[in-house]
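Reader: I've got this one open on my screen. Can you walk me through it, strands to begin with and then the ligand site?

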Amino acid sequence: MRFLKGHGTENDFVILPDPEGEVDVSAALVAKICDRRAGLGADGVLRVVRTKQCPEVADQASAAEWFMDYHNADGSMAEMCGNGARVFARYLIDAKLVDPTGFAVATRGGVRKIHVEPNGDITVDMGKPVVYGQSTATVSGQEYTGLHVDMGNPHLACAIGDPVVQLDLSYQPGFDTAVFPAGVNIELFNPVGVSRAVMRVYERGVGETRSCGTGTVATAVAAAALSGESTGTWTVEVPGGTVTVILEEKTSYLSGPAVIVASGELMLAE
Ligand SMILES: N[C@@H](CCC[C@H](N)C(=O)O)C(=O)O
């Protein structure tokens, strides 16, 4: 099976081209591929498949030819992945499978429009964040309050007083399973002024990652809410780099670098 490897601000993915939907991407296979010692190593798998081949998203086929079939490193599936969408778009452009001047990708969270910036960065229209109430996360016995934001997938973005660099995110933070029955991605951030935040994340189905696109948008929403705002442009610094988030009345945008770093033949089998 052919594969490619890419990342967006060091949120890294194995890409599996499967245009006609012939590959059974089981949870066990995904976990093996993502294993950083016995496999290729990645935060997730992006299967590239024609939307019309997948009944679960076939209603998006007229708007987006390609479906980003996203899987977390533990084999679970998620509705949306912001950095994954940017890397997926980079693959489609490099492989000449889309018109780079304007295209969209299908995801479990709905159609996402893609725009290529003059400097090569890739911007995804992430849709309108849905903001719920507050909830709490517990890290090393310390409870932090955050905002429940739905980006297609669930997030809890917590502004914290401690420097994020000091946090121990080697364990799953505690969260309210009544609020998040399907799990949650937990962002911990320090606001810096009125348009910048420094963020770390513990992703559902993965663990700590060096970036999370949907998480940076959730963080911008929570950071803006601290000063009573719901729109604006935010720079979000993550361990793997920097992205830009634009919050508008009707939608949000995530922008940053996305690169393909390798390709080859996968010899793993389930
Ligand atoms: N890294 C992603 C989010 C991937 C999905 C997440 N782990 C979940 O289970 O919801 C991003 O860049 O948004």
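Reader: In which sense do E2 and strand E3 pair, parallel or antiparallel?
Author: Bear in mind that this is a predicted model. Five bridges link E2 with strand E3 (residues 44-50), and Pro17 sits opposite Val48 in E3. The sense of that pairing is parallel.

Reader: What handedness does the crossover from E2 to E3 have?
Author: Leaving E2, the chain passes through helix H1 (residues 27-34) before it reaches E3. That makes a β-α-β unit, and the crossover is right-handed.

Reader: And which residue takes a positive phi in the hairpin of E1 and E2?
Author: Strand E1 (residues 2-8) runs antiparallel to E2, with five bridges between them. Gly8 stands opposite Asn11 in E2, and the hairpin has two residues between its strands. The one with a positive phi, near 45°, is Thr9.

Reader: How many residues of strand E2 are buried?
Author: E2 covers residues 11-17. The strand is largely enclosed by the rest of the structure, because the buried count among its seven residues is six.

Reader: Now the ligand: which helix gives the most to the shell around it?
Author: The shell draws at least three residues from each of domain 1 (2-125 + 257-263) and domain 2 (130-255). Helix H2 (82-94) and helix H3 (213-226) each supply at least two. With three residues, the top contributor is H2.

Reader: Which residues come nearest to the ligand?
Author: There are 17 residues around the ligand, and they split into four nonpolar, two charged and 11 polar. Nearest come Ala78, Asn83, Asn153, Gly213 and Thr214.

Note on methods
Residues are numbered from 1 along each chain as its sequence is written. This is a predicted model: local features need pLDDT of at least 70, side-chain atom pairs count only at pLDDT 80 or more; totals for chains, interfaces and linings use all residues. A residue is near a molecule or strand if its C-beta atom, placed from the backbone, lies within 6 Å of it. Helices (H or I, at least four residues) and strands (E, at least two) are DSSP runs, numbered from the N terminus. Ala, Val, Leu, Ile, Met, Phe, Trp, Tyr, Cys and Pro count as nonpolar, Asp, Glu, Lys and Arg as charged, and the others, Gly among them, as polar. Domain bounds come from an automatic or database domain assignment. A residue is buried if 20 or more other C-beta atoms lie within 10 Å of its own, exposed if 12 or fewer, and partly exposed in between; C-beta atoms are placed from the backbone. Two strands pair if DSSP finds at least two bridges between them. A crossover is right-handed if, with the strands pointing away from the viewer, the path from the first strand over the helix to the second runs clockwise.
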